[in-house]
Amino acid sequence: MPPGAGRVDFRLSFREDWSNYPLNDLDIIVTDPEGQTFYDGASLADPESLTIYSPKPGTWRVQVIGYELHTPDDRYKLRVALDDRVVR
């Protein structure tokens, strides 16, 4: 995370969502450079999303957790945007 970022948005979308049966549930858990963990991206939503204002500079860790998976594979996409500019 570069210094001076005003906002970071994490968004996780996946193919086998609630419109399919059996359904899958993927979650994101984000940890900042000081070890504070954010669990707001671990819900029943698709896509999962989490916004953090004034993020601390440094290396952040994003975990994609397969909470409930009923298909042999699922395609997911993680999008990260800094101040509305997609960086991943």
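Colleague: Which side chain makes a polar contact with the side chain of Glu48?

Modeller: Happy to start there, with the reminder that this is a predicted model. Glu48 is found in strand β4, and its contacts beyond four places in sequence include Gly41, Ala42 and Ser43. Among these, the polar contact at 2.7 Å goes to the side chain of Ser43.

Colleague: Is Glu48 buried or exposed?

Modeller: Let's look at the surroundings first: Glu48 touches Phe10, Arg11 and Leu12, and also Asp25, Leu26, Asp27 and Ile28, among others. The cut-off for buried is under 20% relative accessible area. Glu48 has 1% relative accessibility, so this residue counts as buried.

Colleague: What separation do the C-alpha atoms of Glu48 and Asp27 have?

Modeller: Asp27 is one of the residues that Glu48 touches. The two are 21 residues apart along the chain, and their C-alpha atoms are separated by 6.6 Å.

Colleague: Good. Which residue in β4 stands opposite Arg11?

Modeller: Strand β1 covers residues 7-14 and β4 covers residues 48-53; the two run antiparallel and are joined by 6 bridges. Within that pairing, the residue opposite Arg11 is Ser49.

Colleague: And which residue is the bridge partner of Leu12 in β6?

Modeller: β1 also pairs with strand β6, residues 76-82, in the antiparallel sense over 7 bridges. In β6, the partner of Leu12 is Leu78.

Colleague: How many strands does the protein chain have?

Modeller: Reading from the N terminus, the order is β-β-β-β-β-β-β. There are 0 helices, and the strands come to 7.

Colleague: What share of the contacts with a separation of 6 or more comes from residues 24 or more positions apart?

Modeller: A pairing such as the one between β1, residues 7-14, and β6, residues 76-82, joins stretches from two parts of the sequence. For the protein chain, the share from residues 24 or more positions apart is 69%.

Colleague: What percentage of the residues count as buried?

Modeller: On the surface side, the protein chain exposes about 5,600 Å², with carbon and sulfur atoms supplying 49% of it. As for burial, the chain has 88 residues, and the portion that counts as buried is 34%.

Colleague: Let's turn to charges. Which residue forms a salt bridge with Asp32?

Modeller: Asp32 is buried, with a relative accessible area of 4%. The closest N and O atoms of its salt bridge are 3.2 Å apart, and the partner is Lys56. The pair links distant parts of the chain, with Asp32 in the loop between β2 and β3, 24 residues away from its partner in the loop between β4 and β5, Lys56.

Colleague: Why does the pair of Glu34 and Lys56 tie together parts that are 22 residues apart in sequence?

Modeller: Glu34 forms a salt bridge with Lys56, and the closest N and O atoms are 3.4 Å apart. The pair ties these parts together because Glu34 lies in the loop between β2 and β3, while Lys56 lies in the loop between β4 and β5. Glu34 counts as exposed at 65% relative accessibility, whereas at 28% the partly exposed partner is Lys56.

Colleague: Last one: which residue is linked with Arg7 and Asp9 in a network of salt bridges?

Modeller: By the rule used here, the count comes to 4 salt bridges. In one of them, Arg7 meets Asp9 with the closest N and O atoms 2.9 Å apart. Arg7 is partly exposed at 21%, and Asp9 counts as buried at 13%. The network that links these two also takes in Asp84.

Terms used
Residues are numbered from 1 along each chain as its sequence is written. This is a predicted model: local features need pLDDT of at least 70, side-chain atom pairs count only at pLDDT 80 or more; totals for chains, interfaces and linings use all residues. Side-chain values use heavy atoms; hydrogens and water are left out. Helices (H or I, at least four residues) and strands (E, at least two) are DSSP runs, numbered from the N terminus. Buried means under 20% relative accessible area, exposed over 50%, partly exposed in between (1.4 Å probe, protein chains only). Contact means heavy atoms within 4.5 Å. Accessible areas come from the Shrake-Rupley method with a 1.4 Å probe; for residues, only the protein chains shown count as cover. Two strands pair if DSSP finds at least two bridges between them. A polar contact is a pair of N or O atoms within 3.5 Å; within protein, one must be able to donate a hydrogen and the other to accept it, and residues adjacent in sequence count only if both atoms are side-chain atoms. A salt bridge is a side-chain nitrogen of Lys or Arg within 4 Å of a carboxyl oxygen of Asp or Glu.
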